[in-house]
Structure formats: structure tokens, C-alpha cells
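These are my notebook entries on a single protein chain. I set down what I looked up, one topic to an entry.

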Amino acid sequence: MSNAPFLPYGRQILAEDDIQAVVDALKSDWLTTGPRVGLFEKAVCDHTGAKHGVAVNSGTAALHAAMYALNVSKGDEVIVPAMTFAATANSVLYCGATPVFADVSLDTLLIDIESVETNITAKTKAIIAVDYAGQPCDWDALRSLAAKHNIALVADACHAIGGAYKGASVGTLADITVFSFHPVKHITTGEGGMAVTDDELLASKMRAFRSHGITTDAHQREKEGAWFYEMTDLGFNYRITDVQCALGVSQLAKLDDWIAKRNEVAGWYDSKLNSSSAISLHKAENVRHAYHLYVVRVDDRDAVFQRMRADNIGVNVHYIPVYLHPYYQKLGYEKGLCPNAEKAYEQIISLPMWVGLEEADVDRVVTSLVG
Ligand SMILES: *Cc1c(COP(=O)(O)O)cnc(C)c1O
């Protein structure tokens, strides 16, 4: 084992002003839903250019809210990439609908447009595309496909806040875009998530959904008395707290600098890895990559993984194709469904990628990787 300090693949950065923001919230009158929830939603909208934000207690809850708002239900199909975190597909199952796995392109590991098209049927209600590793998908192609078949388009942008595609910010590229604020993501609220949309109706549905399906229309309250509210649909308690949103607002102010730093770290990796033929790097043009992950492909992945862990480097694998998990196997999805995702899964390894890395850390990672 190495004596060098452990380098995680990702981690949060908390500064004194973040801590102070949380302390201020704790000293205020509001612990759960208060003014900071709306402030955080507005801050994310201002940053991304989206019109409406609905903050919830996880990215997974935001995905669930998105599926609900789009009326995804039993008998519907939703196309998702095989190469993602399970939550993307789980959100479809929560609504009683069927996830249909599209394969990914081997060079980018983003959802493959042809595979999406092949999988569209009369039952397809929506596509959830994932900006894998922080690299925006081919949103022009996805949008025209969705429009042609009259299906909804959701961006699982849990890897990609702060990214952009052809000059448009992530958050404005799909009907609904979902972010996560888990500590391993770009900015954190501990646990937390948000769905953003330009569609007022979708936003109001998601807002009711996060709070038991209760609508509190101010005008109606005035008419009926201040105590009046109605539960109009079966929602959940997916509320995020004011304390968490205080942290979110404070963290968001740093996002631009952090995206720049992540791109700098990626640049170090790029320049140090280019010559190695064992490694192929994923990159698209015309985008601002948010670099949640820095993923490389190696031939002997398991050996490389063992070696790097022995060197105290917290490498990881993102992801096992979702349908290979035992739960999905029990549902009847079979091995071989998405050959590119399965092939990539054998080779990929996520290197440390976060804001606190120095160039010397990257040197250490590369030395261990190349072996
Ligand atoms: C992190 C993540 C989620 C879930 O977010 P949580 O906030 O952990 O619930 C969903 N999809 C992708 C691609 C993610 O990386």
C-alpha cells in the first residue's frame, strides 16, 4: 500500500462563507421551506437562464417529479441511456412505466441518437438524456427527434450544471432539466436537487408534487379563508430545507470558477495522457464541458483499478449499465441489450476530478494509471 494521502475521485469544497450562510439560516425563523428555497431556485434560474426552478431533496426526487409532471404512467415507455446512474431509470419505474434502454456512442458514452430513434414506439412518452461526465448530449438531434415524434425531452444534467451546448446553458436545452446537489456533484446542499423548466404548468405540477400534491393557490386561499388548501393529487414529501438552500446559494456563487478549475484539471490530464495509446479520451466539440467526471478507457481495467487503489487513488467506475443490475435482470432485461455500453463498462475508469486537485496530484494519478 502507498503512504501517499488518499485522493478521492470527487469531493465537496466548503469555505467559511458557506458555513456562515448555514449558520445564518439556523439562526433565522425558518428551518424547512422558507425564503431561501425561493432564493436558491431564482439563483439557479438566473445562472442557467431557465424560467422556473423547483428545488427538492435529491436529484432522484427531481427526476421523479419530472416524470410525474409529464404524466408518465403505466403503459408508457421512457427511453433512457444504459450508461447512467440507476436513478435515471428508477424514476420511470416509480411512475409504473417502462424504461427502454438506448445504447451509447462508443466515443462519447452519450446516448446514441440512432439507438433512441430505433427504440421509439407508439408508447414512448419521453426521452431522458444524460449529459454523461458533464459533456452535453447532441441536443439539436434530440430536440428534432422529440419534436418529430411529439415526445417530451428531459435532461438528466446531474453531471452538467454549468455546462453549455452551442452557447446555450445546460438547463435550457430540454423540456425539463434535472440537477443534483449531492456532495460529489459540482455544488452541494448535502442532499438536494432541482428541476428547471420554461413551462409554467410543468413547474406548478412539480411544485405540488414535492409537497404531498397539495396546491396552495393564494387567490383561492383568500376566497376560502387562510386555512384552506386542497390535495389534488398523490404527491410526496420531497421538500428541501431552508438550511440546505442557504448552502446552495452560497455554493452556486462559486460555480463558474469551479467549472473553470475542472476544465483546467481536465487540461492537465489531456496533455499528460495524449501520447498513451492505451487510453482514449471522450470529448465533443461545440460544448462547455462541466467535467463532473474525467473518464478514460483502458484495456486491462480491473488490474489498473487495483493498482491505482493500492496507490491510494480513489478511482471509480461510472457506470455498470443499469439493466445489468440484479433488480433489472429480474424485470427481464437481458445481457447484450446495449453492446456499446457493455463494452465500455469493461474498460472505463473515472480518475479523480474535483476543484481541490493540484497539478502534482494529476501527475501522481497519471503515473499510477500508466503503470
Ligand atoms: C447523482 C445522480 C442522480 C441522482 O442524484 P441524487 O441527488 O443523488 O438523488 C441521478 N442521475 C445521475 C446521472 C446522477 O449522477
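**Entry 1. The largest pocket**

Which element gives the most to the lining of the largest pocket? I worked from a predicted model. Helix α3 gives the most, with three residues. I then listed the elements that give two or more residues to this lining, and they are α3 (59-69) and α4 (86-94). The largest pocket holds about 340 Å³ of space. Its lining consists of 22 residues, and those nearest the centre are Thr 60, Phe 85, Ser 180, His 182 and Lys 185. By character, I found eight nonpolar, eleven polar and three charged residues in the lining of the largest pocket.

**Entry 2. Helix α4**

I next asked which residues of α4 are buried. They are Ala 86, Ala 87, Thr 88, Ala 89, Ser 91 and Val 92. The cover over these buried residues includes α3, β2 (77-81), β3, β4, β5 and α12. Just after α4, I noted a positive phi of about 80° at Gly 96.

**Entry 3. The seven-stranded sheet**

In what order do the strands of the open sheet of seven strands run? I read the order as β1-β9-β8-β5-β4-β2-β3, with mixed pairing. The edge strands are β1 (52-56) and β3 (98-102), each of which pairs on one side only. From one strand to the next, the twist averages 20°.

I looked at one pairing within the sheet in detail. Strands β5 (residues 152-156) and β8 (residues 176-180) run parallel and are joined by three bridges. In this pairing, Asp 156 of β5 stands opposite Val 178 in β8.

Two helices that pack on the sheet were also recorded. Helix α2 (residues 35-48) touches β1, β8 and β9 (193-197), and its direction makes about 130° with that of β1. Helix α6 (residues 139-149) touches β4 (124-130) and β5, and its direction makes about 150° with that of β5.

**Entry 4. Strands β14 and β15**

How many bridges join β14 to β15? I counted four, and the two strands run antiparallel. Strand β14 covers residues 294-297, and β15 covers residues 348-351. Within the pair, Val 296 stands opposite Ile 349 in β15. I then checked the side chains of β14: Tyr 294 and Val 296 point one way, Val 295 and Arg 297 point the other way, and all are buried.

**Entry 5. Cavities**

I turned to enclosed space and found two cavities of 30 Å³ or more. The second largest cavity has a volume of about 50 Å³. Its lining is made up of Arg 11, Gln 12, Ile 13, Pro 183, Lys 185, His 186, Ile 187, Thr 188, Gln 251, Trp 258, Arg 262 and Val 355. These divide into five nonpolar, four polar and three charged residues. I noted that Lys 185 is named in this lining and also among the residues nearest the centre of the largest pocket.

**Entry 6. Backbone geometry**

I searched for residues other than glycine with a positive phi. Leu 109 is one of them, with phi near 60°. Leu 109 is found in the loop between β3 and α5 (113-119). Is Leu 109 buried or exposed? Its relative accessibility is 1%, under the 20% limit, so I count Leu 109 as buried.

Tyr 291 is another such residue, with phi near 45°. Its place is in the loop between β13 (287-288) and β14. Because its relative accessible area is 5%, and under 20% means buried, Tyr 291 is buried too.

I also recorded a cis peptide bond from His 318 to Tyr 319, with omega near 10°. Tyr 319 lies in the loop between α11 (301-310) and α12 (326-330).

**Entry 7. Thr 367**

Where is Thr 367 found? I placed it in helix α14 (residues 359-370). Thr 367 has a relative accessible area of 57%, which is over the 50% limit, so it counts as exposed. I finally looked up its separation from Asp 311, which is 56 residues away along the chain, and the C-alpha atoms of the two are 10.0 Å apart.

Definitions and conventions:
Residues numbered from 1 in each chain as written. Predicted model: local features only at pLDDT ≥ 70, side-chain atom pairs only at ≥ 80, totals over all residues. Heavy atoms only, no water. Buried < 20%, exposed > 50% of the residue type's maximum accessible area, 1.4 Å probe, protein only. 1 Å grid on protein atoms, 1.4 Å probe; cavity = no way out; pocket = protein on both sides within 12 Å on 5 of 7 lines; lining within 4 Å. Points joined across faces, edges and corners; volume = space filled by probe spheres on them. Nonpolar A, V, L, I, M, F, W, Y, C, P; charged D, E, K, R; others polar. Pairing = 2+ DSSP bridges. Axes fitted to C-alpha atoms, helices over the stretch in contact; angles between N-to-C directions. Contact = heavy atoms within 4.5 Å.
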